[in-house]
Structure formats: structure tokens, C-alpha cells
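Colleague: I am new to this structure and would be grateful for a close look at a single part of it. Please explain each term as it arises.

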Amino acid sequence: MSLFWIPLLPMIGTLVPLLSERWGRSICALCTAIAPAIALTMVLAYMPSVLAGQPIQQSIEWIPLIGLELSFHLDGLGLLFSLLILGIGLLIILYARYYLSDQDSMGRFYAYLILFMAAMLGIVLSNNLIQLWAYWELTSISSFLLIGFWSHSSNARKGARMALTVTGAGGLALLAGLLMIGNIVGSYDLHTVLNSGDLIRENPLYPVILVLVLLGAFTKSAQFPFHFWLPHAMAAPTPVSAYLHSATMVKAGIFLLARFYPILAGTEQWFLMVSLTGLATLLLGAYIALFKHDLKGLLAYSTISHLGLITLLLGMDSRLAAVAAIFHVVNHAIFKASLFMAAGIIDHESGSRDMRKLNGLWKYMPYTATLAMVAAASMAGVPLFNGFLSKEMFFTETLDQSALGSLSWMIPVLATIGAMFAVAYSIRFIHDVFFNGEPINLPRTPHEPPRYMKVPVEILVGLCLLVGIFPQFMMGDLLTSASSAVLGGAVPTYSLSIWHGFNLPFVMSLIAMGGGLLIYHNRRSLFRFQAQFPETDAKLVFDDTIKLVIEKAAHFNGWLENGSLQRYMFWMMFMVLALITVPIMNLNTTEGIRPETPLNNVMSAGAALLCICALATVIWHRKRVIALLMLSVVGLIVSISFAIFSAPDLALTQLLVEVATIILLLLALFLLPQRTPKESSPSRIMRDLSISAVIGGVVGTISYAIMTKPLVSISDFFLDNSKTGGGGTNVVNVILVDFRGFDTMGEITVLGIAALGIYKLLAQMHIAMPTSDIDGRSWARDKHPMMLEVISQGLLPLALLVSAFIFLRGHNLPGGGFIAGLITSLALIQQYVAHGVNWMKVRLKVDYQWLIGSGLFIALATGAGSWLFDRPFLTSWFDYFTLPIIGKFELASALLFDLGVYLTVIGATLLILANLGKITTGERPKQTEYE
Amino acid sequence: MMQHLVVLPILAPMLMAVMMLLPPLQNTIYRQRIASFFTMLVMLGIAILLIITSSEQTQVYALGGWQPPFGIVLVADRLASMMVLLTTVLGCGALLYASAGDDNLGMYFHPLFLFQLMGINGAFLTGDIFNLFVFFEILLIASYALLIHGGGKQKTLASVHYVSLNLVGSSFFLFALGILYGTLGTLNIADMADAASRLEAQEAVLAKTGVLLLLLVFGLKAALLPLHFWLTKTYSSASAPVAALFAIMTKVGIYSIFRIHGVVFGEEAGLLANTALPWIWPMAILTLIIGTIGLIGSSSLKVLTANLVLISVGTLLLAMVIPGGIGLGAALYYMLHTTLVSGALFLLADMIGKQRGKAADRFVPARPIQQPGLLGTLFFLAALAVIGMPPMSGFVGKVMILQAANGTSGMIWIWSVILISSLAAIIALSRAGTNLFWNLCGDKSDELASSQLQIIAVVLLLACSPLLVIFGAQVTEFTDTAARQMLHDYPTIKAMMNAGITQ
């Protein structure tokens with residue numbers, strides 16, 4: 001059998017309760033227990049060889065690039081923790097069977113529990129740092145689900161979120177720490193890492209790593225000042241608390257400290273940070289525990305305190321202290337689990353956990369009371385119980401400290417004070433609940449729990465006694481083996497026996513017990529003293545902090561993204577300026593060596609007009625028709641300048657596009673509100689004006705610099721190969737349909753999509769038509785003047801002829817599909833304008849969508865046609881033929897492609913313009929009803 | 001057909017989109033759905049074949065048989081093929097989801113969707129910068145039209161911003177191309193790299209403005225700060241399948257920055273070497289920070305997811321600027337992860353919102369939903385993935401990026417912003433989850449349960465996340481090789497010329 005199965009079985013077992021839930025609660029619990037039980041058996045089977053000093057290890061490569069291996073090993077430390085996790089886990093399964101009510105989904109509960117168990121096992125068995133971290137996070141996640149199990153309660157939700165946030169933050173710190181360790185060592189393999197202690201401790205980054213790893217451990221183990229999440233995790237069902245806060249979740253942090261003891265411990269920083277944190281936690285937890293009226297609250301703070309104790313032990317500069325720490329891990333797990341279970345029984349059978357109401361339960365549940373008393377005695381450190389042994393070891397070690405220099409005497413004193421409070425709260429747990437008069441206003445009459453609910457407590461309490469009385473027999477080998485794993489080799493000699501003689505530690509124990517009794521006796525005055533402090537609920541503080549952060553963040557978002565397009569545009573323009581002005585300052589001269597084209601009057605006049613009209617467009621932008629007229633002048637001059645610079649194709653296209661655009665804009669403006677409000681304040685106008693001016697200046701400079709410098713480019717190739725390679729003398733057209741036909745295909749696709757998009761938009765819009773113009777005049781009654789009708793009708797065939805001519809000659813002379821398409825469209829638009837939609841509807845039965853589709857299809861098919869000849873897409877073909885009468889003529893595949901362009905342009909232009917126009921009539925574009 | 005494989009991811013969706021404008025597919029939603037599914041399956045096959053062939057050798061396809069640098073080339077190296085596959089998988093998910101009924105809320109959904117895929121694939125495959133512009137236009141114009149799908153005030157408002165900003169962006173794109181052509185004299189990307197290394201000082205200054213303007217254009221597309229303003233509103237108001245598909249849109253910008261600013265004007269670009277790097281650094285960090293603040297302050301799941309997209313943008317670009325390009329392999333892995341998971345999360349947000357009725361996806365108490373177990377589990381898994389927690393893919397991606405940054409000069413910055421944003425994600429998503437699924441009032445809502453098709457769509461996308469972990473060795477190896485190939489082995493213009501001649 002492979003070691004992999006130990007963590008893997010519970011992982012698979014997560015599904016078991018979900019599937020077996022339907023067969024009833026007992027069967028569900030039984031089935032759930034199978035996987036952990038097998039895993040436990042396997043661990044036990046490996047036990048002899050591990051105890052004999054032969055750890056077991058297995059790994060499979062997983063993601064080598066990040067150093068992640070699926071790698072497990074079972075050494076003494078892992079063995080000890082696995083036994084705790086699986087053993088107590090099984091007891092919890094049994095206990096929860098009786099604890100959960102019918103309303104709780106048992107399958108879900110068990111699934112979360114088993115998931116958590118699997119994650120914990122993964123942590124303690126991991127032999128790879130990244131894998132260890134993955135399991136670490138998995139415990140945070142599954143504990144979130146467990147704590148939030150009663151999700152209807154606000155406390156559960158908040159407690160779960162708090163636990164996840166704190167441990168999640170610690171997890172991220174841990175990840176950082178582990179990655180740094182991996183980087184230093186050059187491997188994420190735990191074995192290699194553990195053998196590189198000196199390498200890590202000598203690295204300058206060691207303090208950073210230490211802090212990061214400690215953050216991970218301390219958040220998980222609820223060490224001061226991160227302890228606050230733990231008491232609120234008590235919102236979980238009690239079996240969860242019993243599991244998470246005794247044997248598992250919080251012990252993960254301790255495990256981490258123990259695991260990395262060989263590489264991180266042994267330095268001044270470690271001792272100071274770990275021991276002081278532990279000491280503070282120990283005292284704080286013990287003190288607060290006394291004042292908690294909630295049973296589980298008391299146990300929660302006692303847990304914090306005991307975790308502090310273990311941490312303190314690990315932080316002491318002594319190897320024996322580490323052994324004591326491991327021993328206390330076990331002892332604490334045993335007595336704390338049983339106490340939580342007892343508290344759960346009390347809660348379950350009496351309906352309350354408030355110690356001010358719970359009194360005198362001895363009468364009602366003597367058996368449970370006895371069990372609880374034994375466990376509490378162990379918690380208090382009474383001789384003959386397991387808690388006493390590790391506490392004695394702890395006292396012994398505190399006496400041996402020098403980490404605080406001349407102040408080191410404080411450690412044993414403070415330890416004793418902590419122990420006093422531990423005794424006091426243990427007494428309170430017993431005395432307040434089981435004696436101290438009669439119960440007050442309990443919702444139920446308390447009684448003993450079902451038989452099997454007590455079994456897990458009995459087993460644990462039995463262990464308390466057995467370990468307490470026969471420590472060497474019960475724990476000896478296991479402890480030695482685990483300690484040797486922590487210490488990385490030899491274990492110092494120590495004796496596990498009940499009696500070490502009448503020595504100082506024993507005196508400390510006696511003082512603690514006497515002191516504890518005294519504190520408990522005077523508890524009322526202490527309570528009064530404590531009542532003077534305003535009670536702060538960590539949950540509220542935490543929640544308010546988070547709420548404040550969220551509020552601030554939301555406020556900031558609202559401020560930054562205020563929904564103003566002007567602001568977004570401003571930032572874009574700002575970025576443009578920032579990006580291009582910095583380099584352009586390094587440009588020494590814009591003057592190139594190209595001779596300047598001489599300036600003549602016509603050109604200067606045109607340029608001046610261009611500038612004036614552009615400015616006028618902006619100035620009169622609120623008077624839309626005028627602005628539009630000005631804009632059209634700009635377009636016209638651009639067309640003319642194309643013509644002047646020998647680009648007749650461009651000039652023609654620009655001219656036609658201008659016409660189409662102006663019609664489009666007129667139609668659009670007709671539907672938009674007639675008045676534009678003044679939107680910009682004077683200062684805003686100044687800002688925008690400055691930005692525009694600077695951008696204009698920079699762009700002008702760049703353009704000038706580029707135009708005046710000579711350029712070696714690929715353009716010459718096109719000039720040379722147009723006729724020979726593309727079969728046309730109009731280079732522009734050959735570029736469009738051949739050299740870069742793929743671009744053209746893309747561009748007509750864009751045109752087609754644009755048309756579809758606009759139609760889609762129009763079809764779902766409901767725009768009210770203005771009934772009159774801006775000055776309140778109604779529209780002309782004669783919508784289609786006779787003159788226009790007659791002239792445009794006559795022009796149509798002519799225009800079509802011209803477009804056919806332009807189309808056919810395109811390959812060799814200015815023209816082509818695009819221009820021809822625009823001419824045809826405009827001729828048809830003119831008919832729409834002159835005759836109206838209804839007149840056109842009867843006569844022109846062409847679906848523009850089909851035109852687009854077929855145009856694109858023809859272009860595509862032409863391109864793909866070259867595949868038949870085993871050539872790449874869009875490879876052109878041309879040849880010359882001679883026919884009688886017509887003479888020599890050329891046939892080219894490019895012509896077919898151009899036909900596609902032609903059709904698409906017509907389809908797209910008309911789909912847009914005709915439908916925009918239709919909005920003004922009764923023939924509004926409608927959503928096509930789909931079947 | 002195999003020699004034409006490279007052009008098929010562009011032509012296949014285009015062909016079907018065009019057919020949908022014509023009878024017999026025109027105006028019948030059922031036939032269009034079937035046709036779309038069929039196309040997606042074909043595209044999936046093509047993408048997989050492309051991955052296989054391009055892994056052996058980078059494929060160069062000279063359109064029209066014109067020899068580069070004069071004609072347009074398509075180049076399918078590992079990276080481009082990977083992006084095509086990613087797009088296709090995401091597209092499959094979005095399409096499945098849409099076919100549950102969202103596609104019938106407006107016209108032309110299917111053709112526009114396919115046109116959109118055509119544009120995205122084209123942008124990934126092209127080896128020509130003007131052709132890149134054309135494909136940008138195709139994907140943009142299709143996205144404008146898809147954004148308004150379903151109608152409504154929010155969508156119209158979002159699209160006004162989106163369209164306006166992008167139109168200005170497109171103008172600057174053209175201007176930048178003008179500058180670059182005016183200085184480098186070529187449009188072929190490999191040839192540009194070649195020409196850039198030979199530029200003289202004064203010309204280099206001019207070219208630099210072009211290069212940086214391109215950063216503006218791609219940054220706008222990628223939603224890099226302060227050009228990100230369009231993103232939140234656009235993504236959160238688009239209909240679910242569209243938002244899911246848009247998850248790849250920012251990646252087109254990032255991809256272009258990787259290619260153009262990381263490689264063409266990267267280390268070996270002579271005087272233009274690493275022109276954009278000093279700008280990308282702070283912009284990426286700011287993006288991450290603003291995304292994180294946005295994430296914390298989100299009031300609904302869709303806005304939250306949009307902010308997650310923002311965070312992923314920052315993360316990806318931070319990974320890119322790690323010196324020596326050692327973070328690129330990690331970035332590519334993270335790109336796969338984040339695209340699919342964000343897509344799934346957009347779909348999930350819609351399902352949850354619809355089932356919650358009036359409360360929609362806002363974080364307020366509401367009535368219990370119809371399918372709490374199913375949607376809760378899916379949300380939980382998606383949340384784990386985006387936070388970067390095991391066992392989902394986010395953690396591998398994050399670990400890779402952190403490892404790459406380990407020991408470099410920018411480590412402190414990269415580590416702290418990425419880790420803090422992860423913590424913010426934990427806080428935000430645990431708040432989201434507890435509010436959406438646990439904070440309930442009243443009886444079960446009477447909204448309809450999500451359809452099978454929608455669930456399959458989300459599961460499909462989400463399942464990729466654990467698969468990326470399970471097959472982590474293969475995937476990381478692929479992305480790593482792809483990154484190195486992109487940095488060092490993009491076919492030179494000489495190699496391309498040979499390819500052009502042989503055809």
C-alpha cells in the first residue's frame with residue numbers, strides 16, 4: 001500500500017457522506033468513518049517502522065517548473081499529528097452523529113469535516129513546500145465552510161469570514177516565506193530544505209523569511225495579536241470547535257513552527273519573537289478565559305492560552321522545551337477535545353451555554369459531569385492527569401531561561417501566574433456548571449445524553465488518565481520519535497514519570513493551584529474590576545474595520561469612475577501627451593533633406609479654409625446644421641488635397657464617403673434632441689483647448705518631421721510589381737484587392753458588421769420623432785418635391801452606368817469596387833430621398849442583408865478559390881484574352897473579389913442609411929421575429 | 001487543407017457568419033444555433049491541430065502568395081496557437097450559455113459572435129501590424145454591436161463610452177502606424193523588428209513616439225490605468241455570454257503589448273530597446289492597485305468580476321516586465337487561467353442574479369435561490385480559482401509569477417501588490433459568497449432555475465481550471481516554451497521570405 005492513500009482516502013471520502021446521506025443518519029456517519037478509519041489503520045501499520053527511526057517517503061513529479069511534487073513522508077512528527085487528526089476525527093464523526101439536529105444537512109457537514117481532515121493530513125505529511133502550502137490554504141477554506149455551517153446566523157457568517165481573512169492573510173505571508181526559502185535552498189523538497197538550516201539562517205533575508213513564516217503560523221494558531229478570530233469561530237457547531245480548536249486547525253500553526261524548527265530556530269530573533277508572542281498569548285488567553293460566561297468562550301480563550309504556552313515552549317532556547325511542546329500538543333488535544341464535547345453535550349441537553357444560567361447540573365447529568373471534571377482537572381494541571389506532566393516540564397524549562405537577560409526571572413513568574421488563571425477558569429468551568437446552586441431559566445430540563453454521544457468523551461478522558469499515569473508506556477516512543485523529527489536528530493534525555501521529587505516546578509504547580517483557588521474564590525471582585533473596562537467585541541471591531549474599508553473603497557471608486565466620458569477622454573489625451581511629448585523633446589530638428597514642395601496661392605488658401613472650417617465646426621458645435629456644413633467643407637478640402645497629391649482613388653473615395661456621412665449625420669441629428677445644452681465651464685474649455693492645441697502641435701511636428709525625411713520602404717515593391725504581379729496599373733487598387741486583399745476583406749467585413757450593428761441598434765430603439773423644428777415650425781408638407789423626383793429618377797441609370805464603368809476600369813485606372821459601390825449606394829439613396837420609402841419598397845426588392853452576405857461570400861470564395869490550385873488564400877490570377885469586336889481584354893480573379901467589395905459596400909451603406917431614414921416613416925425597422 | 005490551417009481560424013467563423021446572413025440560415029435561431037455549434041466544433045478541431053503543428057514548427061502563411069515583407073503573413077507560433085485555442089474554448093462556453101435563450105434577445109447574435117471570434121483569432125495570428133489594425137477593427141466593431149445585445153439603458157450608456165473611447169483609440173492606432181511606417185518603412189512585424197535595430201538616432205526618436213502611441217492603443221484595449229475607465233461599466237452591463245467572451249478582449253491588448261513592446265521593441269531593438277518598459281511598470285502596478293480597491297468596493301458580483309479582470313491585467317503586465325522576460329511563461333499560464341475563470345464567473349453572476357430576482361447580483365439579503373447547492377459549489381470553486389487558492393489553477397499561476405519575480409529588483413513591488421490583491425480577493429469574495437448564498441430572507445424565490453445548457457457552459461469553463469493544475473506539468477512546459485519562443489524564436493524576416501517563396 002502506498003503512503004499516498006493516507007491523505008488521498010479522506011479526500012475521496014469527502015464525497016461519501018454526500019452520497020450516503022439518503023440512507024439515514026447512522027449509515028451516513030458509518031460510511032463517512034470508513035475512509036478515515038482505513039487511513040488510521042494504515043498509519044498504525046506504518047507506525048513500527050517510523051518509531052524504529054525509518055521515516056517513509058514517496059513522491060511523484062507533478063509540476064517540475066514550479067518545483068511542485070506530489071510528495072509525502074511520514075516521520076515521527078507527522079505520525080503523531082496524523083494519529084491525533086485521524087483518531088480525534090473519528091471520535092468527532094461519532095459525536096456529531098448525535099449532536100446535529102434533523103434540520104442540519106448531515107452529508108454537507110461531514111463532507112466539510114472530512115475535507116478539513118484531508119487538508120490537515122496533507123499539511124502534516126507533506127514533503128514539498130508548495131504542496132504543504134496548498135494544504136495549508138485548504139484548511140483555511142474548509143474551516144471557513146465549517147465555521148459558517150449554520151449560515152443563517154449572522155455570527156456564523158461573520159466568524160467564518162473573519163477566520164478566513166486572518167488565516168488567509170497569514171497563508172499569503174507563509175507563501176511568500178516558503179518561496180523565499182525555496183529560492184535560497186534551490187529546492188522545495190522538505191528534506192533538502194530541512195538540511196539547509198545554516199544556509200537559510202546565514203542569508204540576509206533570514207529575518208524577512210522568519211517574520212513571514214511566523215505570520216503564517218501565528219495567525220493560524222491564534223497567537224496574540226491575531227488571536228481574535230478564534231473565539232468567534234465558536235459560532236460553528238460544537239463538534240467543529242472540538243475538532244478545529246483541539247487537535248487540528250490551530251495546531252497547524254504549531255506544527256509549522258515545529259516543522260521548521262530545525263531551519264528557523266536557534267537564533268536570537270526566533271527566541272525573542274516566538275517566546276514573547278507565546279508568553280503574551282498565554283497570559284492574555286488565561287486571563288480573559290476567566291471572564292467568559294459562555295462555556296465555549298471560556299474554552300476558546302483557554303485554547304488560545306494553551307497555544308501560547310506551546311509557542312512559548314518552542315521559542316525557548318532549549319531542546320527539552322521542544323519536547324515538552326510536542327508533549328503538550330498531544331495532551332492539550334486530548335483534554336480540550338473532551339471538554340468541548342462535554343460543553344456540547346451540556347448545550348445540547350440543557351439548551352444553554354451561559355454559565356450564569358447553568359448551575360447545579362450535577363444532579364441531572366452526573367456521568368457527564370464526572371467526565372468533564374477529569375478533563376478539566378487535566379486542563380488545570382492536576383497531578384495524575386496528562387496535563388500535569390507537560391505543565392511540569394514547562395515549568396522546569398521556564399526556570400532555565402536566559403533569553404531576556406537579567407529579566408529572565410520574569411518568565412517562570414509569569415508562567416505561574418498564567419497557570420493560576422488556568423486553574424481558576426478550570427474550577428469555574430466545573431463549579432459554576434455542575435454545582436453552585438440550581439439552574440436558572442433553562443430552555444430544557446437537562447438530562448444525560450444518548451449513550452453513544454458519551455463514548456468519544458469517555459475514550460478521551462480515559463486517555464487523559466492513561467497518559468497521566470503511565471506516560472512512558474503510552475507516549476514514550478511516539479514522543480521521542482516526534483521530538484527527534486523536530487530537533488533534527490538527537491533527543492535530549494528526559495524522564496516521563498509522574499513524580500520528579502519535591503522540586504521547584506512542583507512548588508510552582510502548588511502555587512498555581514493555590515493561587516487559582518484564591519482567584520476563583522475572589523472572582524466576584526475580579527468580575528467587578530473587569531466590568532470597568534468597556535467590552536470590545538473583536539467581531540464588531542473587525543467587521544466595522546472591513547466595512548469602513550469597503551465604504552472608503554466604494555467611495556473612491558465612485559469618485560474616480562464618476563461616469564463622465566469627458567473625464568475618461570481627458571485621461572486618454574493626457575496619456576497621449578505624456579507618452580509622446582517626452583521622446584519628441586529629444587528631436588533636434590524636424591527639417592529633413594527632402595526638398596519642400598513649393599507653396600502656391602491655391603494651396604495656401606485651401607489650407608487656410610481647412611483650418612477655419614475645422615475651428616468653426618468646434619465653435620458652432622451647438623448649432624448642428626452649421627457645424628455639419630463646416631465639417632463638410634473640411635472633408636471636401638481633404639478630398640481635394642488627395643487629388644492634388646496624385647491620389648485620385650483616395651480623392652474619389654473621400655468625396656463619396658463625405659456625401660454618405662453627411663446624409664447619415666443629417667438623419668441622425670434629426671432624431672437627436674434639437675438643442676444642445678452648454679456643458680463645459682469656461683475653465684473646462686480652457687483646459688480642453690490647451691490640451692487640443694498641444695496635441696495638435698505635437699502631432700503636426702511629428703508629421704512634418706516624417707514627411708520631410710527620406711524613406712526606404714516597401715512601397716517601391718508595389719510600384720514595381722503592380723502590373724507584372726497583380727495585372728493592374730492602378731497600384732492603389734492592386735494593393736487593395738491583391739497585395740493586401742486580406743486587409744480589404746477585413747475592412748469590408750467591418751463595414752458589414754457595422755451595418756448589422758446599426759440595424760440591430762435601430763431595431764431595438766424607440767425614438768420619438770420631433771414634430772417640428774427647433775423654432776417650432778412644422779415640417780414641409782411636400783415631402784417629395786416634383787423637381788427632385790424627376791431629376792433623380794433620370795439620374796439613376798446614368799449613375800449606375802458610371803458606377804459600372806468605375807468598377808470595371810478599377811484595376812487599371814482610378815476606380816474599383818469600393819468607389820463603385822459608394823456611387824451605386826448614393827444613387828439609390830437619392831431615390832429614397834426623392835421618392836420616399838414606400839415608393840422604393842415596391843420597386844427595389846433587394847434585401848440589403850443579403851447583399852452584405854453575398855458580397856462577403858463572394859470575396860471569401862474568391863480567396864478560397866486559389867486553394868483549388870494549391871495556392872495560399874487570396875492568390876490572384878489574371879490573363880489576357882482577345883474576343884472579336886471587343887478586342888484584347890483582361891480577366892482577373894481580383895475583379896471577382898472586387899465584386900464582393902462592391903456588393904458589400906452597397907448592402908452596408910443602404911442597410912444603414914435606408915433604415916435610419918425609415919425611422920422617420922411608418923416603416924420603422926423591426927426586430928426580425930425569430931422562429 | 002493542412003497547409004492552409006493557419007488561416008482557417010479566421011475564415012471558418014467568417015464563412016459561417018456570412019452564411020447566417022443568407023437563406024436558409026437567415027432569421028432562424030434554431031438553425032443558427034446548430035450552425036454555431038458546428039462551427040465551434042470545427043474551430044476546436046482546427047485550434048487543436050494548429051497547436052500540434054505549430055508545436056513542431058512555427059507556421060508562416062503568406063496570403064496571396066506575396067513574399068513577405070510585401071504581402072501579409074500570418075504567423076502561428078506556440079503562443080498564437082495557444083491564444084486561438086483559448087479563444088475557442090471560451091467561445092464554446094459563451095455560445096452554449098447564450099443558446100439557452102440570451103441569443104434571442106436581439107438580432108444577429110450568432111453572426112456577430114462569430115465575427116467577433118474571427119477578429120480575435122485574426123489579431124492573434126497576424127504577423128502584419130496594419131493587418132492587426134484591421135482585425136482590431138473587426139473585433140471592436142463586433143463588440144460594439146454585441147455590447148448592445150439585449151438592449152436597455154445601461155448597455156446603451158456603457159456602449160457610448162466604450163465606442164467613443166475606442167474610436168479615439170483607433171485614430172491613434174492609425175497615427176502610430178503612420179509614424180512607424182514613416183520611420184521603419186515596413187508593416188511586417190518581423191521586418192519592423194529588423195528595421196528598428198538599424199534605426200539612427202533622430203529617426204529612433206520619431207519611431208519612439210509611434211511605439212509609445214501603440215502602447216496607448218493596446219493599453220486602452222487591455223484596460224491599463226488610466227485607460228481602464230470603460231471596462232467596469234462595459235463588462236458589468238453586457239449580457240452574460242458577451243461579457244464572458246469579452247474576458248478575452250483585454251487579453252488581445254496584453255498579447256499585443258507582449259508581442260510588440262516585449263519583443264519587436266524589446267531587448268534587441270537597438271535604440272528603441274525596451275522603450276515601453278518604464279511606462280508599463282507603473283501603469284501595471286497602478287492598475288493592480290485600482291483593481292484591488294475596485295474589488296473591495298464592488299457592490300455586485302458583475303462589478304466585482306470586472307475588477308478581477310482589471311487585477312488580472314495588472315498581474316499579467318507586471319509578470320511581463322520582470323527583467324529578462326522570465327515572467328512571461330508564468331504570465332501565459334496565468335492568462336489561460338484568468339480568461340477562462342473570469343468568463344465562467346461572468347456567466348455565474350448572471351445565473352445567480354437571475355435566480356435572485358429583484359436583488360439581482362447585488363450584495364444585499366435576498367430570497368433563497370432555486371439551485372443553492374449547485375450554484376454555490378460552482379461559485380465557490382470559481383472563487384477559489386480567482387483568489388489563487390488550491391486546488392484550482394490560480395495558485396499555480398500566482399506561484400509561478402511570484403517565483404519569477406523572486407530575487408529580481410522589482411520583487412518587493414510585485415510580491416506586495418500581488419499578495420495584497422490576493423488578500424483583497426479573499427475578503428471581497430468571501431463577502432460576496434456569504435451575502436449571495438448565506439444572507440437570506442423570506443421564502444424561496446419563484447424565479448426559474450438555470451437551464452442545463454447554462455450549467456454545462458459554466459462547468460465547461462470552470463473544469464478547465466483544475467485540468468490546468470492536473471496537467472500542470474504539460475501546460476507549464478508549453479507556456480514556458482511558448483514564452484521563450486516568442487522572445488527569441490519569432491521567425492525572422494529572412495525565414496519568412498523563404499516561407500513566402502516556397503508557396
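Modeller: The account below follows one helix of chain B, and then places it among the contacts between the chains.

The model is predicted: local features need pLDDT of at least 70, side-chain atom pairs count only at pLDDT 80 or more, and totals for chains, interfaces and linings use all residues. Residues are numbered from 1 along each chain as its sequence is written, chains are lettered from A and ligands numbered from 1 in the order in which they are written, and side-chain values use heavy atoms, with hydrogens and water left out.

The part in question is helix α14 of chain B, residues 328–355, which includes B:His337. Helices (H or I, at least four residues) and strands (E, at least two) are DSSP runs, numbered from the N terminus. B:His337 has a relative accessibility of 3% and therefore counts as buried; the term means under 20% relative accessible area, while exposed means over 50% and partly exposed lies in between (1.4 Å probe, protein chains only). Leaving aside residues up to four places away in sequence, B:His337 touches B:Ala385, B:Val386, B:Ser393, B:Gly394 and B:Leu468, where contact means heavy atoms within 4.5 Å. Of these, B:Gly394 is 57 residues away along the chain, yet its C-alpha atom and that of B:His337 are separated by 6.5 Å.

The helix also holds a charged pair. B:Asp350 and B:Lys354 are joined by a salt bridge with an N to O distance of 3.0 Å; the term denotes a side-chain nitrogen of Lys or Arg within 4 Å of a carboxyl oxygen of Asp or Glu. Both residues belong to helix α14 of chain B and are four residues apart, about one turn of the helix. B:Asp350 is buried, at 7% relative accessibility, whereas B:Lys354, at 41%, is partly exposed. Salt bridges that share partners link this pair with B:Asp102 and B:Lys302 in one network. Over all chains, the whole structure has 23 salt bridges.

Two of the salt bridges are found between chain B and chain A. One of them joins B:Glu203 to A:Lys709, with the closest N and O atoms 3.0 Å apart. Contact between these chains involves 130 residues of chain B and 114 residues of chain A. Together they bury about 11000 Å², 76% of it on carbon and sulfur atoms; this buried area is the accessible area (1.4 Å probe) that two parts lose on being put together, summed over both.
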